[in-house]
Amino acid sequence: MNWINTRFGAFCALSLVASSTQAQWTTPPISAPRLQYRTFQSAAAGAIVSYHIYTPPAYDTQPERRFPVLYWLHGSGSPTAGIAPMTNWFASAIARGDLGPIIVVFPNGMPYGMYCDAADGSRAIESVIMQELVPHVDATFRTVSTRNARIIEGFSMGGYGAGRLGFKHTNLFGAVSLLGAGPVQTDFMDAPEGSNIPPERRTEIFEDVWNSDPTLFYAASPWALAEGNAQAIITSGVQLRIMVGEDDSMLAPNADLHLHLLSLGIPHSYRTYSGVRHDTLSLLRAMGADNWDFYRRALAPRCDFNADGTRDFFDYLDFATAFASDAADADVNHDGLVDFFDYLDFASAFGGC
């Protein structure tokens, strides 16, 4: 649950002077190529809420095309410190051809918001993102507005958020990616060895988000949500991964979460990386080609079209019905068009399952 990247530590440390009890719904704008600063009026927050969004070059050159969306959740300390580096990371991958054109949304999770609705009602962060931001982005930008064209991913506190939101809202995301995730232990106050969050700050977060109630923390955790929603997660066919550095203080809790998912029968990939500490870009670089393979698999056509946990005639029938009606779900290759290539791609995926 440390800073999104250790190189931003000095910047993030300045944010510690701000009280985590304040609802900081807007952030300063961040500048990076093709990155936009946007706001919307939120009913859940009762305030204007900001977010940043990256659109690929193809968004301008192919004005009829729609694009899949990746929601990138930042770590603790600063909602904005990692936006420019991550924008450049994804933009470079698209330019190289490692990643297809994709929209990247950077929600405002506040410095220590934990991607939860605060128990005392002061900050409805989960409600704002899930109930308002996702539909707002789909209504404002040319997205492919289906779950199989949405990925939720994050590092550190953002990895925790990706896990808990992805496990809870199985209808919204086709892929969930936890990178160096924390806190994924079952007791928030049981800090992993080597954590950089001072005890007094941890105590403050515990009070602000969960009213210092361990049962509320556990109920909101990826651990408990995986237990409660195991069958829905399995049936959804979500692409799920947990990745962590071997020199990261979050290693042990992530290993425990991995074993927990195995015990629940939830398919996922889990890998650790030698010599990698709690640092976003170091972890992503260590992941290499496997990282881009994950996105390609996540956005590939799925033979279980109706997400009922089985591949059968009804999947083909449901796809054919969607295809005939030009429904967005039939755009299985996410190129913004429902055409013959979608039929070929789905038939190929279905035959290979």
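## A buried helix face and its aromatic neighbours

Both W292 and Y295 are buried, and they make a good starting point for a walk through this predicted model. The two residues sit in helix α12, 3 residues apart, which is about one turn of the helix. An α-helix has 3.6 residues a turn, so residues three or four places apart point the same way.

**Helix α12 and what surrounds it**

Helix α12 covers residues 289-299, and its buried residues are N291, W292, F294, Y295, A298 and L299. Why do the buried residues of α12 line one face of the helix? Seen down the axis, they fall within an arc of 150°, so one face is where they lie. What does this face pack against? Among the strands, the partners of the buried residues are β3 (69-73), β5 (150-155), β6 (175-179) and β7 (239-245). Among the helices, they are α3 (83-96) and α11 (280-287).

**Aromatic rings**

How many aromatic pairs are there? The count comes to 14. One of these pairs is formed by F188 and F217, which are tilted, with 5.5 Å from centre to centre and 55° between the planes. This pair links distant parts of the chain: F188 belongs to the loop between β6 and α6, F217 to helix α7, and 29 residues separate them. F188 is buried, with a relative accessible area of 0%, and F217, at 0% relative accessibility, also counts as buried.

Back in α12, the rings of W292 and Y295 have centres 5.8 Å apart and planes at 45°, so this pair is tilted. W292 and Y295 also belong to a cluster that ring pairs build from W72, W89, F90, W292, F294 and Y295.

**Charges over rings**

Which residue lies over the face of Y295? R241 does, at 5.3 Å from the ring centre. Elsewhere, the charged end of R142 sits over the ring of Y59, 4.0 Å from the centre of that ring.

**Backbone features in the loops**

Most residues other than glycine have a negative phi, and most peptide bonds are trans. With that in mind, here are two residues with a positive phi.

| Residue | Phi | Loop | Relative accessibility |
|---|---|---|---|
| R34 | near 65° | between α1 (9-14) and β1 (35-42) | 30%, partly exposed |
| N211 | about 55° | between α6 and α7 (214-220) | 42%, partly exposed |

Neither R34 nor N211 is a glycine. Why does R34 count as partly exposed rather than buried? Its relative accessibility is 30%, while buried means under 20%.

There is also a cis peptide bond, which joins G182 and P183 with omega at about 10°. P183 is found in the loop between β6 and α6 (199-210), and F188 lies in the loop between β6 and α6 as well.

**A buried loop residue**

R34 comes up again in the surroundings of T55. Where does T55 lie? T55 is in the loop between β2 (47-54) and α2 (58-61). Is T55 buried or exposed? At 3% relative accessibility, T55 counts as buried. Which residues is T55 in contact with, leaving aside its neighbours within four places in sequence? They are R34, Q36, I103 and F141. Buried T55 is thus in contact with R34, a residue that counts as partly exposed.

Definitions and conventions
Residues are numbered from 1 along each chain as its sequence is written. This is a predicted model: local features need pLDDT of at least 70, side-chain atom pairs count only at pLDDT 80 or more; totals for chains, interfaces and linings use all residues. Side-chain values use heavy atoms; hydrogens and water are left out. Buried means under 20% relative accessible area, exposed over 50%, partly exposed in between (1.4 Å probe, protein chains only). Helices (H or I, at least four residues) and strands (E, at least two) are DSSP runs, numbered from the N terminus. The arc is that of the directions from the helix axis to the C-beta atoms. Contact means heavy atoms within 4.5 Å. Rings of Phe, Tyr and Trp (its six-membered ring) pair if their centres lie within 6.5 Å; planes under 30 degrees apart count as stacked, over 60 as edge-to-face and the rest as tilted. A charge sits over a ring if NZ of Lys or CZ of Arg is within 6 Å of the ring centre and within 35 degrees of the ring normal.
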